[in-house]
Amino acid sequence: MAKEITTKKLMQVIVEAIRNRKGHQIVTIDLASIPEAPVEAMVIATATSNTHAASMADEIDDYVRTQTHVHPLSVAGQENAEWIALDYGSIFVHVMQREPRAFYDIEHLWADGKVTELADE
């Protein structure tokens, strides 16, 4: 039987995958203390183009699968690759280009959670 992975470890692996593909403005939001939140955490990253967004989403899927044997429950937005969302059950991952990220401002919507901005590498 496979060992269950913690949300914290899964988030670390997701961030590593984003950094593997040079994602920018990575933000994590811990929502565990908010009862009405749909997930325990979110990870948001900025992509510079459709190709970059698609590449980053593919890397997240592949890297997380390789490192943890966890598969996303669903993936949406790959058609136009302006905003790709990966649902890992306890974590939503948002790979967004600059314009949709600025417009939807997810960090502000979930500011009641613990928002952590990670430095670009």
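Okay, let's start with one residue pair: Asp-87 stands opposite Phe-92 in strand 5. Before I go on, keep in mind that this is a predicted model. So where does that pair sit? Strand 4, residues 83-87, and strand 5, residues 91-97, run antiparallel, and five bridges join them.

Let's zoom out to the sheet. It's an open one, with six strands in the order 3-4-5-2-1-6, and the pairing is mixed. Out at the edges you have strand 3, which is 74-76, and strand 6, which is 114-117, and each of those pairs on one side only. Going from one strand to the next, the twist averages 15°.

What lies across the sheet strands? Helix 1 lies across strand 1, strand 2 and strand 5. Strand 2 covers 41-47, and helix 1 runs at about 5° to it.

Now, charges. As general background, side chains of opposite charge can pair when their charged atoms come close. How many salt bridges does the structure hold? Three. Let me take them one by one.

The first is Glu-59 with Arg-21, where the closest N and O atoms are 3.4 Å apart. This pair links distant parts of the chain: Glu-59 is in helix 2, residues 50-68, while Arg-21 is in the loop between helix 1 (7-20) and strand 1 (24-30), and the two are 38 residues apart. Buried or exposed? Glu-59 has a relative accessible area of 14%, so it counts as buried. Arg-21, at 34%, is partly exposed.

The second one is Arg-65 with Asp-61, and here the closest N and O atoms are 2.6 Å apart. Both are in helix 2, and because they're four residues apart there, about one helical turn separates them. As for accessibility, Arg-65 is partly exposed at 33% relative accessible area, whereas Asp-61 is buried at 18%.

The third is Glu-107 with Arg-101, whose side chains meet at 2.4 Å, N to O. What about burial for this pair? Glu-107 comes out at 17% relative accessibility and counts as buried. Arg-101 is buried too, with a relative accessible area of 8%.

Next, a quick stop at Gln-78. You'll find Gln-78 in the loop between strand 3 and strand 4. Its relative accessibility is 44%, so it's called partly exposed. Which residues does Gln-78 touch, if we don't count anything up to four places away in sequence? That would be Asp-58 and Ile-84. And if you want a distance to check on your screen, Gln-78 and Ala-54 are 6.6 Å apart in space, C-alpha to C-alpha, though 24 residues apart in sequence.

Last thing: a pocket. I'm talking about the second largest one, which holds about 160 Å³ of space. Which elements give two or more residues to its lining? Helix 1, strand 1 and strand 6. If you'd like to click through the lining, the residues include Thr-7, Lys-8 and Met-11, then Thr-28, Ile-29 and Asp-30, and also Lys-114 and Thr-116. Ala-32, Glu-40 and Ala-41 are part of the lining as well.

To wrap up: we have an open sheet of six strands, helix 1 lying across strands 1, 2 and 5, and three salt bridges. If you look at one thing afterwards, try the link from Glu-59 in helix 2 to Arg-21 in the loop between helix 1 and strand 1. That's it from me, thanks.

Note on methods
Residues numbered from 1 in each chain as written. Predicted model: local features only at pLDDT ≥ 70, side-chain atom pairs only at ≥ 80, totals over all residues. Heavy atoms only, no water. Salt bridge = Lys/Arg side-chain N within 4 Å of Asp/Glu carboxyl O. Buried < 20%, exposed > 50% of the residue type's maximum accessible area, 1.4 Å probe, protein only. Pairing = 2+ DSSP bridges. Axes fitted to C-alpha atoms, helices over the stretch in contact; angles between N-to-C directions. Contact = heavy atoms within 4.5 Å. 1 Å grid on protein atoms, 1.4 Å probe; cavity = no way out; pocket = protein on both sides within 12 Å on 5 of 7 lines; lining within 4 Å. Points joined across faces, edges and corners; volume = space filled by probe spheres on them.
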